[in-house]
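Visitor: I should like to go through this structure with you, beginning with its overall burial and ending with a single residue. Please give the reasoning before each answer.

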Amino acid sequence: MHHSLRFCSWRTALATGSTLLLLGSCGTDAPTETATSTAAPDSAATALVDSAALLSDSARMGRPEGVTVAGVTMTPNKTILQNAVQAPALSTLVQAVRAAGLDGMLGEEGPYTVFAPSNVAFDQLPNGAVAGLLKPESKENLKGLLTYHVIQSRLLSQDLRDGQQLTTANGEKIKVTVKDGKVMINNATIQTPDAVSSNGIVHIIDNVLLPSGE
């Protein structure tokens, strides 16, 4: 299918510069998603929108002063992009967002939830992968990868439930796992949750999420 072929291309790009690491064959290595999510996507989204309308995100969190990410405070009066630009730990993500032409989107009204890979997360990709994705000819592949980290609604960590499947801005789903107080998105763990911005929420994660290609 065309959808599968599109993500085959970015997987090839990720493998550039590394002959030892392949990020799986297309369409066969995606995490198995069960059909037992806690709520149907549409009803869950409606409930979350309603709850967000009752109280502001910062009030629900009880942290109106913002959340500190590697020594830098991300505050609710700034957009996701403005907060990310100020956080050195997210500099690779900011560079990638600009290269993909998504800086306009993350500076808009939203709302968005971004599962934001830290610099350390990007460093775990195969050697040369990030440089390859930042090339102009890889713009569409990079855009597809980054929008896999974006949900078009506001989701605090308290809204995430074990077994949920969330539809991302690129049309694919990611799976939420909650165990022993730890929240995982696919194979990535949320390290710093609930950085509230004026147009959404940022959760810092320790691995780059890779679309399945299915």
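Visitor: What percentage of the 214 residues of the chain count as buried?

Guide: This is a predicted model, in which local features need pLDDT of at least 70, side-chain atom pairs count only at pLDDT 80 or more, and totals for chains, interfaces and linings use all residues. Residues are numbered from 1 along each chain as its sequence is written, and side-chain values use heavy atoms, with hydrogens and water left out. Buried means under 20% relative accessible area, exposed over 50% and partly exposed in between (1.4 Å probe, protein chains only). Of the 214 residues, the share that counts as buried is 48%.

Visitor: Which helix gives the largest share of the largest nonpolar core?

Guide: A nonpolar core is a set of buried Ala, Val, Leu, Ile, Met, Phe, Trp, Tyr and Cys residues joined through side-chain atoms within 4.5 Å. The largest one has 32 residues, and those with the most contacts inside it include Leu-90, Val-97, Leu-106 and Leu-146. Helices (H or I, at least four residues) and strands (E, at least two) are DSSP runs, numbered from the N terminus. The largest share of this core, four residues, comes from H5.

Visitor: Why is H5 described as oblique to H9?

Guide: Axes are lines fitted to C-alpha atoms, for helices over the stretch in contact, and angles run from 0 to 180 degrees between N-to-C directions. Angles under 35 degrees count as roughly parallel, over 145 as roughly antiparallel, 65 to 115 as roughly perpendicular and the rest as oblique. The axes of H5 (residues 91-99) and H9 (residues 139-147) come within 9 Å and cross at roughly 125°. That angle makes H5 oblique to H9.

Visitor: Which residues of H9 make the contact with H5?

Guide: Contact means heavy atoms within 4.5 Å. On the H5 side, the contact is made by Leu-93, Ala-96, Val-97 and Ala-99. From H9 come Lys-139, Leu-142 and Leu-146.

Visitor: Is Ser-118 buried or exposed?

Guide: Ser-118 lies in the loop between strand S3 (112-117) and helix H7 (119-123). Leaving aside neighbours within four places in sequence, Ser-118 is in contact with Ala-89, Leu-90, Gln-191, Ile-204 and Ile-205. With a relative accessible area of 8%, Ser-118 is buried.
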